[in-house]
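I opened this model to see how its sheet, its helices and its core fit together. My notes are below, in the order in which I looked things up.

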Amino acid sequence: MTTATSKTEDEYQIRKLIDDQANAVRAKDINGSMSNYAPDIVSFDVVNPLQKIGLDACRKRAEEWFSSFQGAIGYEISDLRITAGEGAAFCHSLNRVNGTKTDGVEIDMWWRATVCWRKIDGKWMITHEHNSVPFDMESGKASLDLKP
């Protein structure tokens, strides 16, 4: 059974991994940003296709995303909530990205994130992530201008 102390320690470890990953994204450090992904990760992203399966597919997506920015990536995680149990955990947050794309377009948007973790060989690893933006029912378009 998980004790309150071990639960708190697990949540602390996951928060540290998330902070490290966010710093890696800001620096466009592909290896750092992917270091907590399990080999069999399943990702539901805000862009096509419906899902990506496996580390290679997620790495390719991250490389494409990083290279689409001219310079540094502004990246913020807000309202992070972590729940950890014995061997499994999940968290959810509101995330923001801003910066200048290679085509000169400025981007500043928020999205919702849910991340599932599993403790594998003593290390917390991301096994599933789900990123999404709401959409307007009338127009069918993504609501990219929402802010928390």
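These entries go from the sheet to one helix, then to a loop residue and the core.

Entry 1, the sheet. I noted at the outset that the model is predicted. I traced an open sheet of six strands with mixed pairing, in the order β2-β1-β6-β5-β4-β3. Its edge strands are β2 (52-53) and β3 (74-84), each of which pairs on one side only.

Entry 2, β3 and β4. I looked up how these two strands are joined. They run antiparallel and share nine bridges. In this pairing Ile77 stands opposite Asn95 of β4. The two strands form a hairpin with three residues between them, and Gly87 in the turn has a positive phi of about 90 degrees.

Entry 3, β4 and β5. I then moved on to the next pair. Strand β4 (residues 88-100) is antiparallel to β5 (residues 106-120), and 13 bridges join them. I picked out two of the partners: Leu94 is bridged to Arg112 in β5, and Arg96 stands opposite Trp110 in β5. This hairpin has five residues between its strands, and Gly104 takes a positive phi near 90 degrees.

Entry 4, the faces of β4. Which residues of β4 point to the buried face? I listed Ala89, Cys91, Ser93, Asn95, Val97 and Gly99. The side chains alternate, and Ala88, Phe90, His92, Leu94, Arg96, Asn98 and Thr100 point to the other face and are not buried. Asn95, the residue opposite Ile77, is thus on the buried face, while Arg96, opposite Trp110, is on the other.

Entry 5, helix α3. I found α3 (residues 55-67) lying across β1 (37-44), β2, β3 and β4, at about 65 degrees to β1. I checked its length: at 1.5 Å a residue its 13 residues should span 18 Å, and the end C-alpha atoms are 18 Å apart, which agrees. Its buried residues are Cys58, Arg61, Ala62, Trp65 and Phe66. They cover an arc of only 130 degrees around the axis, so they are on the same side of α3. The face turned away from that side carries the exposed residues Asp56, Lys60 and Ser67.

Entry 6, Arg61. I stopped at the arginine in the buried set of α3. Is Arg61 buried or exposed by its accessibility? Its relative accessibility is 18%, and the cut-off for buried is under 20%, so Arg61 counts as buried. Beyond its neighbours within four places in sequence, Arg61 is in contact with Asp45, Val47 and Lys52.

Entry 7, Ser68. I placed this residue in the loop between α3 and β3. Ser68 is buried, because its relative accessible area is 17% and the limit is under 20%. Leaving out neighbours within four places in sequence, Ser68 is in contact with Thr100, Lys101 and Thr102. I also took its C-alpha distance to Ser143: the two are 21 Å apart in space and 75 residues apart in sequence.

Entry 8, the core. I counted 30 residues in the largest nonpolar core, where Ile14, Trp65, Ile73 and Trp117 have the most contacts. At least two core residues come from each of α1 (4-26), α2 (30-34), β1, α3, β3, β4, β5 and β6 (123-132). I followed up Ile14: apart from residues up to four places away in sequence, Ile14 touches Ile82, Ala84, Ala89, Trp117 and Trp124. Of these, Ala89 is on the buried face of β4.

Technical notes
Residues are numbered from 1 along each chain as its sequence is written. This is a predicted model: local features need pLDDT of at least 70, side-chain atom pairs count only at pLDDT 80 or more; totals for chains, interfaces and linings use all residues. Side-chain values use heavy atoms; hydrogens and water are left out. Two strands pair if DSSP finds at least two bridges between them. Contact means heavy atoms within 4.5 Å. Axes are lines fitted to C-alpha atoms, for helices over the stretch in contact, and angles run from 0 to 180 degrees between N-to-C directions. A nonpolar core is a set of buried Ala, Val, Leu, Ile, Met, Phe, Trp, Tyr and Cys residues joined through side-chain atoms within 4.5 Å. Buried means under 20% relative accessible area, exposed over 50%, partly exposed in between (1.4 Å probe, protein chains only). The expected span of a helix is 1.5 Å times one less than its number of residues. The arc is that of the directions from the helix axis to the C-beta atoms.
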